[in-house]
Amino acid sequence: LLETHSLVLNNRETLQATGVTFVSSFDEREVILDTTQGMMHLKGEDLHITQLNLEEGKVVVQGRLDSVEYKAADRNLRSRGRNIMERLLR
């Protein structure tokens, strides 16, 4: 049984999400989250994770959000990043 995943976006400035299982990466321009519904890729400017509770699956991101995109679960950006690093370190 999958946990509930929800999004609440207020004025493209504050995004509240539930069903978050892992934070794959984040910086001021993008945040990549693993959710119960697949990878969620947030893009924008001045992005900050202001609240994070993975035990409850909750995250709050603030900044100017330009896009929210879901990726299929088999397109794991974390493993792709590791493969790139492994090739660079050979």
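**Exercise 1. Determine which residue forms a salt bridge with E69, and state whether each partner is buried or partly exposed.**

Step 1. In this predicted model, E69 forms a salt bridge with K71, and the closest N and O atoms lie 3.4 Å apart. The criterion applied is that a side-chain nitrogen of Lys or Arg falls within 4 Å of a carboxyl oxygen of Asp or Glu.

Step 2. E69 has a relative accessibility of 37% and counts as partly exposed, whereas K71, with a relative accessible area of 17%, is buried. These classes follow from the cut-offs, since buried means under 20% relative accessible area, exposed means over 50%, and partly exposed lies in between (1.4 Å probe, protein chains only).

Step 3. Two conditions apply to the values: because the model is predicted, local features need pLDDT of at least 70 and side-chain atom pairs count only at pLDDT 80 or more, while totals for chains, interfaces and linings use all residues. Residues are numbered from 1 along each chain as its sequence is written, and side-chain values use heavy atoms, with hydrogens and water left out.

**Exercise 2. Work out how many salt bridges there are, and which residues are linked in a network.**

Step 1. By the rule already given, the count comes to five salt bridges.

Step 2. One of them joins E56 and K58, whose closest N and O atoms are 3.4 Å apart; E56 is partly exposed at 47% relative accessibility, and K58 is partly exposed at 43%.

Step 3. Another joins the side chains of D66 and R64 at 2.8 Å, N to O, where D66 is partly exposed with a relative accessible area of 40% and R64 is partly exposed at 38%.

Step 4. D66 and R64 also belong to a network of salt bridges that links them with R12 and E45.

**Exercise 3. Establish the order of the strands in the sheet, and identify which are the edge strands.**

Step 1. The chain contains one helix and six strands, which run β-β-β-β-β-β-α from the N terminus on. Helices (H or I, at least four residues) and strands (E, at least two) are DSSP runs, numbered from the N terminus.

Step 2. The six strands form an open sheet in the order β1-β2-β6-β5-β4-β3, with antiparallel pairing, where two strands pair if DSSP finds at least two bridges between them.

Step 3. The edge strands are β1 (6-10) and β3, each of which pairs on one side only, and the twist averages 35 degrees from one strand to the next.

Step 4. As a local check, β2 and β6 pair in the antiparallel sense over four bridges, and T14 stands opposite Q62 in β6.

**Exercise 4. Find which residues make up the largest nonpolar core, and which elements give two or more residues to this core.**

Step 1. A nonpolar core is a set of buried Ala, Val, Leu, Ile, Met, Phe, Trp, Tyr and Cys residues joined through side-chain atoms within 4.5 Å.

Step 2. The largest such core has 12 residues, namely L15, A17, V20, V23, V31, L33, M40, L42, L47, V59, V61 and L65. Two or more residues are given to this core by each of β2 (14-18), β3 (20-26), β4 (30-35), β5 (38-53) and β6 (58-71).

Step 3. Leaving out residues up to four places away in sequence, L65 touches L9, R12, L15, L42, K43, G44 and L47, a contact meaning heavy atoms within 4.5 Å.

Step 4. For the chain as a whole, 32% of the 90 residues count as buried.

Conventions
Axes fitted to C-alpha atoms, helices over the stretch in contact; angles between N-to-C directions.
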